[in-house]
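Please consider the structure shown below together with its sequence. The paragraphs that follow lead through it step by step, beginning with charged side chains.

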Amino acid sequence: RSRFGSTLLSFVCCLRASACPAGAFGEREVIAVAMEIKKLSHGGSDDLFPTENRLSGRGVALVPHACELGVAGRQPANLKDRAQGLWRGAVDASDLLGAAVCVASTLAGTVKLDCFGSLASCDLEPSALRFLRRAPSESGDEGEREDKLAASLLGLEPSAFRLAGQPGQVLSHDGDLWLVPGASGGFDALLQLRPRHPVVAKPEARCCRVGKHGPMGVMLETWSEVPMVEFPRLLQLMMGRHGSQLSAAKDARSGFLVEEPDEIVVFHCWHRVEGNEAMNSDSISLEQLLWLDVVDALAETEPCEEELVPAPRIVFADEGVTSRSELLEEEKARTGFEDKEVLPEDAPRLASLSFLKQYVLPEVMNEEVLLRLMPDSAGGGAVVRVFSASLSDAPALTSAASAALLASARATPLPATLDDLFADDVDFRVPPPWAAPGAGPAQDPLRLFDLTSVILLNERSGLAMAFHCLQAEDPCAS
């Protein structure tokens with residue numbers, strides 16, 4: 001800053017001392033010429049880049065860098081813009097994995113979630129991002145070309161990593177990281193961020209382009225949401241529970257002025273369709289499609305009608321495979337004995353299926369779900385993958401945030417009676433001294449709810465059936 005100030009000051013003094021007519025140089029011209037002088041005098045050093053375009057953190061110092069791989073990295077200039085480009089620098093770490101963790105932690109706030117157009121919170125904590133070793137099947141021709149350019153730039157054969165979030169999460173960026181040992185310890189790093197095209201559904205049908213990595217490259221498929229009217233008994237179950245809550249709220253015998261739902265049930269179904277005339281968006285995996293379905297299902301529930309879905313709290317898990325017999329058999333018939341020991345790796349899947357059977361009766365499961373999930377053309381013994389989703393604990397308010405919330409509540413109290421609102425001396429031309437509804441820090445709309453999602457996927461038949469249940473917790477329970 002001081003060098004730039006002295007250069008600009010000396011240049012302005014020279015202009016004033018010259019015989020140039022007044023007004024020949026404007027402020028923009030002076031700054032532009034001064035920047036060129038600084039660029040030439042310092043040999044195009046990294047000080048040319050604004051501080052906000054750098055990526056820095058614990059043991060990490062990355063600056064924008066332009067080369068054959070792409071343009072110099074930059075942070076977004078407005079709300080619609082996204083960070084993109086290349087950064088190069090040093091990472092102070094003892095091993096490769098530690099260096100990758102350090103770089104990933106610096107991307108919080110730059111890389112966010114893509115939530116399928118749902119109204120959801122997309123900010124990620126530093127611990128939610130990670131770099132994974134890139135498999136050879138994930139590189140392709142373009143990846144091999146970039147690896148060669150990175151090797152020529154860094155001087156050694158680098159270790160390549162790809163950016164990822166927690167299981168199922170869809171990130172706003174694709175990221176590549178190349179690391180080589182540094183000459184004086186640590187690692188030299190080259191980072192590339194590419195904004196993804198947002199996952200947006202077609203207006204006439206909710207569709208997504210799904211990519212599957214294999215030995216022959218990426219195979220693209222189009223998956224579309226199935227209207228629930230094709231599953232009348234499941235739709236009746238979903239709407240029946242909502243209708244029973246409405247009728248209970250109107251029943252005067254309930255004794256409550258407001259009756260909030262204790263359970264909210266949502267069913268979704270996706271299937272593979274022919275053709276790949278998809279949307280202008282990047283492909284996602286099947287796991288990411290199912291994670292997006294969980295976000296969309298929460299957005300349909302009453303607590304999130306006017307609030308942001310806490311998407312970072314969704315914990316998505318793969319629980320293995322199941323069969324037709326396991327889906328239809330009762331618990332005792334399947335285990336043989338009520339107290340028979342269950343293997344630890346099978347316990348999560350069996351718990352999810354038992355929860356699902358509490359709502360979907362065996363005849364409904366057989367006639368509507370399995371008829372399309374496991375048709376005869378797919379083979380009667382075909383296996384079905386089981387996924388689950390739940391909500392992690394809501395983040396607690398820090399002491400500083402709690403103190404600020406208490407101070408705000410004391411500074412702007414609520415009216416005690418109607419006379420406070422409609423007193424004779426109230427001047428409606430000025431803002432009222434009372435706190436507005438919903439004032440203060442936004443709270444998690446699902447902090448008093450538990451989510452249980454069970455998703456059945458058959459890749460062979462091309463169908464996924466998702467069951468989501470949101471259950472209210474007792475706020476007085478310890």
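In this predicted model, a network of salt bridges links Lys212, Glu221, Arg272, Glu287, Asp318, Arg385 and Glu459. The general principle is that side chains of opposite charge can pair when their charged atoms come close. Within the network, one of the pairs may be examined in detail. The side chain of Glu221 meets that of Lys212 in a salt bridge, with a distance of 3.4 Å from N to O. This pair satisfies the criterion because a salt bridge requires the nitrogen to lie within 4 Å of the carboxyl oxygen. Glu221 has a relative accessible area of 14% and is therefore buried, the limit for that class being under 20%. Lys212, with a relative accessible area of 21%, is partly exposed.

How many salt bridges does a search of the whole structure find? The search finds 18. Among them is the pair formed by the side chains of Arg194 and Asp176, where N and O are 2.8 Å apart. This salt bridge links distant parts of the chain, for Arg194 belongs to strand β7 (residues 187–195) and Asp176 to strand β6 (residues 173–181), with their positions 18 residues apart in the count. Are these two residues buried or exposed, or do they fall in between? Asp176 counts as buried because its relative accessibility is 5%. Arg194 counts as partly exposed, since its relative accessibility is 31%.

A further salt bridge joins two helices. The side chains of Glu367 and Arg233 meet at 2.8 Å, N to O. Glu367 lies in helix α10 (residues 362–373) and Arg233 in helix α5 (residues 232–250), so that this pair, 134 residues apart, also links distant parts of the chain. Glu367 is partly exposed, at 45% relative accessibility. Arg233 is likewise classed as partly exposed, at 35% relative accessibility.

The cysteines may be considered next. A disulfide is a covalent bond between the sulfur atoms of two cysteines. How many disulfides does the structure hold? The number is 0. Cys115 illustrates this result: the nearest cysteine sulfur, belonging to Cys122, is 3.9 Å away, and Cys115 is in no disulfide. The separation does not meet the criterion because a disulfide requires the two sulfur atoms to be within 2.5 Å. Cys115 counts as buried, at 3% relative accessibility, whereas Cys67 counts as partly exposed, at 26%.

Attention now turns to residues that are separated in sequence. Gly57 is located in strand β1 (residues 55–57). With a relative accessible area of 40%, Gly57 is partly exposed. In sequence, Gly57 and Ser105 are 48 residues apart, while in space their C-alpha atoms are 7.5 Å apart.

Ala108 offers a second example. Where is Ala108 found? It occupies a place in the loop between α3 (96–105) and β4 (130–133). Its relative accessibility of 27% is the reason why Ala108 counts as partly exposed. The C-alpha atoms of Ala108 and Asp123 are 7.7 Å apart in space, and the two residues are 15 apart in sequence. Which residues are in contact with Ala108, leaving aside its neighbours within four places in sequence? They are Leu124, Glu125, Pro126 and Leu129.

Key. Residues numbered from 1 in each chain as written. Predicted model: local features only at pLDDT ≥ 70, side-chain atom pairs only at ≥ 80, totals over all residues. Heavy atoms only, no water. Helix = DSSP H or I, 4+ residues; strand = E, 2+ residues; numbered from the N terminus. Buried < 20%, exposed > 50% of the residue type's maximum accessible area, 1.4 Å probe, protein only. Contact = heavy atoms within 4.5 Å.
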